[in-house]
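Me: Please pick one part of this protein and take me through it closely, then show me how the rest fits around it. I'm in my first year, and plain words would help a lot.

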Amino acid sequence: MSTAIPASIIDAPSGYPHEWEQDAALKDGGTVRIRPIVPADATALQAFVKNMSTESSYFRFFRVKRQLEPEELEEFTQLDYSEQMAFVAIVDGELGGVGRYSAKGCPDGVAEAAFTVADELQGKGIGTLLVYRISAYARAHDIKGFRAHLLADNHAMMRVFRNAGFAMRREVDQGVYTVEIDTEESDAVLAAEGRAEQISIAASVMPLFYPTSIAVIGASRDKLSIGGRLFNNIINADFNGPVYPVNPKASIVRSIRCYPSVTDIPGTVDLAFIVVPARYVNDVVRECAGKGVRGVVVISAGFSETGEKGNQMEQELLDIVRDAGMRMVGPNCMGLQNTDPAVSLDGQFGPVMPRTGNVSMSSQSGALGLAILDYATHMNLGISTFISVGNKVDVAGNDLLLYWEQDPNTDVILLYLESFGNPRRFSRIARRITKKKPIVAVKSGRTSAGARAASSHTGSLASLDVAADALFRQAGVIRVSTLEELFDVTALLANQPVPQGDRVAIVTNAGGPAILAVDALESQGLVVPEFSDELQAELRSFLAPDAAVANPVDMIAAAGPEEYRLAIGALLASDEIDALITLFIPASEEGVSETSTAIREAGEATPDDKTFLCVYMHSGGAPSELSSIDVGFPTFSFPERAAKALRKATTYAEWLAKPEGVVPQFEGIDSERARRVIDTAIDGADDAGVWLDPDAVDAILESYGLTIPKARVVSTVEEAIAFGDEIRAPIVVKVISPSAVHKSDVGGVALDVSGAGDIAAAYEQVTAAVPDPEGVLVQEFVSGGHEVLIGMVEDPIFGPLIVFGLGGVFVELIGDVAFRIHPLTDRDAAEMISEVKSARLLEGYRGGEPGDIDAVVDTLLRVSNLIEDLPEIFEMDLNPVKVGTPGSGVRIVDARIRVRPTTGTWIPSRTDLPSKI
Ligand code: ADP
Ligand code: MG
């Protein structure tokens, strides 16, 4: 084997890109650290080459090579980290692979690349990870493609390139293939990356949910202690494998022989639960690593949640786990459960092992997790797996999503989130999963954007919890705001097909609650249609003469099992509705069981194209006929709750039916010009950034095909008058002043001015309005049209947020705006407009002039394009954008853009490598 090398670099050479150190999961469930190479790796590299098999050496160097020359070693390890780059893959503390490129002397922007993986590690996905890593780095450094030379029989590497999804050209000459790969992140690349990630991460999480043997380190004889409760739970649930208690102070726990340390256990240990005081945890985990344990669940608290010292311990803990290629849940968590009878694992210290079902859940709060399990057992909700992620240092929401995506026992995914680790990655994964399985999320807490001092309309609008909202919406995640809603929606989705449409029927034995249900449904935007004459006649044929049959169907209090059975049957068979809510309000205890049984039987016969919900209104709760775990539909206690759950499910169904949007690219964009403007402006600027002057703003907007009125910055009355003469149209005169955020508030704007005299007067007026006039902007006056706001503000966690609303000074006051996270798809842009209520004005509401909605969509998409290319922009306010009649386009009459130097770290985080754990 080769020589040990460090996983992370502390004493790094200058330019070493720390943020590119990353861990990834392998196909066999192990993990690998991938990091940039450093000169100190030379020894390990030499050993690596020495140990290569004859074949690998031949494939890599086209001859058998046992040693690198000093100058080769230097060339391979001493890099500038831009034109030349190399990543090493470290497995079990040893060098396991290298991927490198060099663009030196390659004028065409195509770099020479080479990849090698240690013989004994081939087939685990390391080559693929190195290719993604290197190409992501290249992308971030303006390298358009790679050229790699492969011997024709190097099938393994050829397969890596092909499976990675890159656009590839091959040429063969005398047994040597030259493969050219575009580094562009095409859809094919993303899809292939997604698949590779899915397989490897799911495999790495497997030992947590399906361990073959378990150790409980800190198992205690004290039944009330956490270690005692956890151990008892595992035993009581009859875990399907050996369980070893570990405790140096006990020789027997619950009649089971106890071991002083995990290393004393005779058999293998797959998963270890750790319930010892925080100060012992790291040593214990080291022992687990030595023992070959694959997963650890650290229940112990006392880590980053307690302060700096705990934080240091936690970092060390993570290093131990990653170096050993283990996966870890926690620390500071409650544990996990898998109700699959094949394992029957109750690995948590609370009192409830829920019933087996098809819902999986991750909770960031342990206490809340307990409450949720308790509540679930009191509803007809069964759980597949439950996990409390605690400080989520290693295993976090994204890993679990990837696991549940392929878990056949999971149909619905619940998330209780307090924070996001990597929102961009979450969005990418969730977008894919929600097309197959619903994700229901409760997110508490506000975004950090709220803390920002607002210096633009956009900035102050973003102070709500809009980023998480936008993220969920764009990824098709069902967001709920209360735990009650979480359960209601889940109970519906776990038991019933998603609604095919928005038409709802109600059948009831009491009028009042049905009216409440109609109100709730209609206020949620659902439809309660009046039935056709035929359907009414059919209902009439078996219902009492004074029953109402138009919808709601009020069968009056006398209705019994037979009426319910027939009415439900008739409605479910009809093509006039998509969902049916059955209300049952028991007038007395008598007959409750019979009627409930009739409702259950009829409801469970629901065809696939209908959604069935039941409401049983009584303080005592629903009878077992309607609420036991095996009932095939949800039963709610109030009509409003049923209506709300149905609304969420309908919205999800709409998401499922939607084709995916695309992020369009535009012709004729002059990004180089915009880049030059930005580079000049940020020269010397600090982190607070600078607002661009009007000329710079116009140049950038123009470079992206965004339409602005004719305009000029002037410094004398004469120049202003000359501009008016030139354009032969009325003009607008605006003062340029750093102090006036909103110029018109202080009288710094004069509209619709023509003629030399008026222009001169306007000029005097606007410059006198502020203490610090820096010049005057004269513009063509754009008459008529609607005014809209388009803006952007950067959230430190979520990245750029784009906002749309109807413009004018009231935009903050009314708050009728739509946010999306950049980048926008064409669908996002169209939906932003339809989501804003006042944007109906653009459709020509009540005889008003309609607006050019297509041009607004185009503007939003171009803005998103611009933001993508120019990460220095962190705040932007286009307010107003004047929208003309359809076909006449838009004019951005007021624009403010703020820029600051980028730290450079944004690029890799945007590239968002899927391999990151
Ligand atoms: P500020 O937002 O700093 O107060 P604006 O440049 O947005 O200044 O001007 C204020 C208002 O004047 C705009 O909201 C718009 O209604 C109107 N306005 C500004 N420029 C033009 C123009 N070129 N054509 C027509 N109306 C304009
Ligand atoms: Mg304005």
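Reply: Let's start with the lining of the largest cavity, whose residues split into 10 nonpolar, one polar and two charged. Here nonpolar covers Ala, Val, Leu, Ile, Met, Phe, Trp, Tyr, Cys and Pro, charged covers Asp, Glu, Lys and Arg, and polar covers the others, including Gly. Keep in mind that this is a predicted model, where local features need pLDDT of at least 70 and side-chain atom pairs count only at pLDDT 80 or more, while totals for chains, interfaces and linings use all residues. As for bookkeeping, residues are numbered from 1 along each chain as its sequence is written, chains are lettered from A and ligands numbered from 1 in the order in which they are written, and side-chain values use heavy atoms, leaving out hydrogens and water.

How do you spot a hole at all? Rolling a probe the size of a water molecule over the atoms shows where empty space is left. On a 1 Å grid over the protein atoms alone, a cavity is a set of points where a 1.4 Å probe fits but cannot get out, and a lining residue has an atom within 4 Å of a point. Points are joined across faces, edges and corners, and the volume is the space filled by probe spheres set on them.

By that recipe, the structure has three cavities of 30 Å³ or more. The largest has a volume of about 120 Å³. It is lined by 13 residues, and those closest to its centre are Leu45, Arg60, Phe61, Val98 and Thr116. Helix H1 (42–51), helix H2 (54–61), strand S4 (94–102) and strand S5 (110–117) each give two or more residues to this lining. Those labels come from DSSP: helices are H or I runs of at least four residues, strands are E runs of at least two, and both are numbered from the N terminus.

Now put the second largest cavity next to that. Its volume is about 70 Å³, and its lining divides into four nonpolar, three polar and five charged residues. Among the residues that line it are Asp23, Arg33, Asp92, Arg322 and Asp323. Strand S2 (31–36), strand S3 (84–91) and helix H9 (308–323) each supply at least two lining residues, with S2 making the largest share, three residues.

Next, the metal. The magnesium ion (ligand 2) has two protein donors, Asn879 (O) and Asp894 (OD), lying 2.2 Å from it. Asn879 sits in strand S36 (residues 873–883) and Asp894 in the loop between strand S37 (890–892) and strand S38 (895–899), so the pair ties together parts that are 15 residues apart in sequence. Donors are N, O and S atoms within 2.8 Å of the metal (3.2 Å for Na, K and Ca), and because water is not among the atoms, sites may look incomplete. Both Asn879 and Asp894 are buried; that means under 20% relative accessible area, with exposed over 50% and partly exposed in between (1.4 Å probe, protein chains only).

Asn879 has another trick: its peptide bond to Pro880 is cis, with omega near 5°. Pro880 is in strand S36 too. A cis bond also joins Gly330 and Pro331, with omega about 0°, and Pro331 is in the loop between strand S15 (327–329) and strand S16 (335–338).

The backbone has other quirks as well. Arg254 is not a glycine, yet its phi is positive, about 50°; you'll find it in the loop between strand S11 (252–253) and strand S12 (256–257). Ser344 also has a positive phi of about 50° without being a glycine, and it is in the loop between S16 and strand S17 (345–348). Are these two buried or exposed? Arg254 is partly exposed, at 39% relative accessible area, while Ser344 counts as buried at 16%.

Finally, zoom out. The chain has 29 helices and 38 strands. Its radius of gyration is 32 Å, close to the 29 Å that the globule rule gives for 917 residues, so it is as compact as a globular protein of that length. That radius is taken over C-alpha atoms, and the rule is 2.2 Å times the number of residues to the power 0.38. The C-alpha trace spans about 95 × 95 × 55 Å along its principal axes, and buried residues make up 56% of the 917 residues.

Notes. 1 Å grid on protein atoms, 1.4 Å probe; cavity = no way out; pocket = protein on both sides within 12 Å on 5 of 7 lines; lining within 4 Å.
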